[in-house]
Amino acid sequence: MKKLFKGGTVVSGTKSGTVDVLIEDEVITRIGENLTCPDAEIIDVTGKLLFPGFVDAHTHFDLHVAGTVTADDFESGTRAALRGGTTTVIDFATQYEGETLEEGLQNWFGKARGKANCDYSFHMAISEWNPKVCDEIQKMIDEGITSFKLYMTYDNQVDDKTMYQILKRLKEVDGITGVHCENSG
């Protein structure tokens with residue numbers, strides 16, 4: 001499927017200008033003035049700004065934590081994201097007690113598959129640490145999951161010794177770590 005956006009002001013990281021944009025199978029294939037493509041659907045965007053899609057790197061869809069569930073699932077949350085111009089979300093896949101990281105990740109893929117309205121990826125929240133989970137870290141990195149979340153609060157928090165072990169392991173594989181701390185102020 002081809003779409004040709006005509007007459008819009010394209011805004012990039014370095015400049016903006018009035019040009020046409022041709023998209024084929026969800027990929028931008030040409031940008032330029034007075035583009036033509038006989039088999040494309042023509043969409044007049046004169047007077048509109050065309051941005052590349054935004055990325056929301058901190059979402060929580062269908063997350064069960066601390067005795068509650070977040071309000072949005074992947075269907076409603078990504079629909080709202082698109083409405084605001086966000087075309088990619090990075091949600092927090094969570095390993096619940098007794099699960100491997102792979103099981104936790106597959107659970108989140110299952111929540112998103114067939115429901116997400118935009119592109120998505122995941123950070124991996126580590127809730128349980130043992131030698132098997134330690135070994136799985138490299139597999140997560142190899143699958144493209146390079147950022148990990150640790151909790152210092154809620155029912156899936158890790159203790160200080162465990163956090164140190166996880167941080168040490170993530171440093172070995174060049175992983176990125178985010179930590180959720182309770183606000184004491």
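Which residues are linked with Lys-2 in a network of salt bridges? The partners are Glu-24 and Asp-39, which together with Lys-2 make up that network. Keep in mind as we go that this is a predicted model.

Let's stay with Lys-2 for a moment. Its salt bridge with Glu-24 has the closest N and O atoms 3.9 Å apart. Lys-2 belongs to strand 1 (residues 2-11) and Glu-24 to strand 2 (residues 16-24), so this pair ties together parts that lie 22 residues apart in sequence. Both ends have some access to the outside: Lys-2 is partly exposed, with a relative accessible area of 25%, and Glu-24 is partly exposed too, at 26% relative accessibility.

The count for the structure comes to 8 salt bridges, and two others are worth a visit. One of them joins the side chains of Lys-111 and Asp-62, at 3.6 Å from N to O. Here distant parts of the chain are linked: Lys-111 sits in helix 2, while Asp-62 is in the loop between strand 6 (54-59) and strand 7 (64-65), 49 residues away. Lys-111 is buried, because its relative accessible area of 16% falls under the 20% cut-off. Asp-62, at 22% relative accessibility, counts as partly exposed.

The other is a local affair. Glu-75 and Arg-79 form a salt bridge whose closest N and O atoms are 2.9 Å apart. These two residues are 4 apart in helix 1, so about one helical turn separates them. Glu-75 is partly exposed at 29% relative accessibility, and Arg-79 is partly exposed at 46%.

Now let's turn to the interior. In soluble globular proteins, nonpolar side chains tend to be buried together. In this model the largest nonpolar core has 30 residues, and the members that touch the most others are Phe-122, Met-124, Ile-126, Ile-137 and Phe-148. At least two residues of this core come from each of helix 1 (74-83), strand 9 (86-94), helix 2 (101-112), strand 10 (119-126), helix 3 (131-142), strand 11 (147-151) and helix 4 (160-172). A second, separate core has 6 residues, among them Val-19, Val-21, Val-45 and Leu-50.

Phe-122 makes a good place to end the walk. Setting aside neighbours within four places in sequence, Phe-122 is in contact with Phe-74, Ile-90, Asp-91, Ala-93, Leu-105, Trp-108, Phe-109, Ala-112, Ile-145 and Ser-147. If you centre your view on Phe-122, you can follow these contacts one by one.

Definitions and conventions:
Residues are numbered from 1 along each chain as its sequence is written. This is a predicted model: local features need pLDDT of at least 70, side-chain atom pairs count only at pLDDT 80 or more; totals for chains, interfaces and linings use all residues. Side-chain values use heavy atoms; hydrogens and water are left out. A nonpolar core is a set of buried Ala, Val, Leu, Ile, Met, Phe, Trp, Tyr and Cys residues joined through side-chain atoms within 4.5 Å. Buried means under 20% relative accessible area, exposed over 50%, partly exposed in between (1.4 Å probe, protein chains only). Contact means heavy atoms within 4.5 Å. A salt bridge is a side-chain nitrogen of Lys or Arg within 4 Å of a carboxyl oxygen of Asp or Glu.
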